[in-house]
Amino acid sequence: MVWWKWGKALLVMTLLVMTLGGCSIEEKSGTKIRDLDYEIVEEDAIPEELLGMIAEKKEADFKLTYETGESRYIARGYGEQATGGYSIRVKDCYLASNAILIDTELLGPRKGETTSPNPSYPYIVLKIEKSEQNIIFE
């Protein structure tokens, strides 16, 4: 009878380890399923509530999501920069097996480019189809 209790306990622990181990691996790697279509949203087309959230957070690095109707907005800001002339490039935007992954990159002013001496607060807003998937910023 004692061996039966130990056997059950060992089986439960094995299943628990397999389940937890599988989840953590999946969360880290997330298999790419397909690229997502997205639109870069101009400032005058950003929903007012999202603009307010961006204004509150613009001085520091930020990552935001916002939903309306059938759309999901993804905002990525890089905080205060010493001058103007910065831009942001979308390196990747895709649906993975466990989330939507967004990868952006801050690009500095080009060599020889005339920039504003005033600080800037570069950010980008992407619009994608509404989804229940979590967003992971890379």
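The following questions and answers go through a predicted model.

Residues are numbered from 1 along each chain as its sequence is written. Because the model is predicted, local features need pLDDT of at least 70 and side-chain atom pairs count only at pLDDT 80 or more, while totals for chains, interfaces and linings use all residues, and side-chain values use heavy atoms, without hydrogens and water.

Student: Which strands stand at the edges of the open sheet of four strands, and why is one side of each left without a neighbour?
Tutor: Strands are DSSP runs of E with at least two residues, numbered from the N terminus, and helices are runs of H or I with at least four. Two strands pair if DSSP finds at least two bridges between them. The order is β2-β7-β4-β3, with antiparallel pairing. Each edge strand has a single partner, so one side lacks a neighbour in the sheet; these strands are β2 (39-40) and β3 (61-68).

Student: Which residue in β7 stands opposite I40?
Tutor: Strand β7 covers residues 123-129 and is joined to β2 by two bridges. The two strands run antiparallel. Opposite I40 stands L126.

Student: At about what angle does helix α2 run to β3?
Tutor: Helix α2 (residues 48-57) lies across β3, β4 (71-78) and β7. Axes are lines fitted to C-alpha atoms, for helices over the stretch in contact (heavy atoms within 4.5 Å). Angles run from 0 to 180 degrees between N-to-C directions. For α2 and β3 the angle is about 170°.

Student: Is S71 buried or exposed?
Tutor: S71 is in strand β4. Not counting residues up to four places away in sequence, S71 touches Y66, K127, I128 and K130. Buried means under 20% relative accessible area, exposed over 50%, and partly exposed in between (1.4 Å probe, protein chains only). S71 has 14% relative accessibility and therefore counts as buried.

Student: How is the pair of rings of Y66 and Y73 classed?
Tutor: Rings of Phe, Tyr and Trp (its six-membered ring) pair if their centres lie within 6.5 Å; planes under 30 degrees apart count as stacked, over 60 as edge-to-face and the rest as tilted. By this rule there is one aromatic pair. Its centres are 6.4 Å apart and its planes at 50°, so the pair of Y66 and Y73 is tilted.

Student: Which strand supplies the largest share of the largest nonpolar core?
Tutor: A nonpolar core is a set of buried Ala, Val, Leu, Ile, Met, Phe, Trp, Tyr and Cys residues joined through side-chain atoms within 4.5 Å. The largest has 14 residues, and I102 is among those that touch the most other members. Four of the core's residues, the largest share, come from β5.
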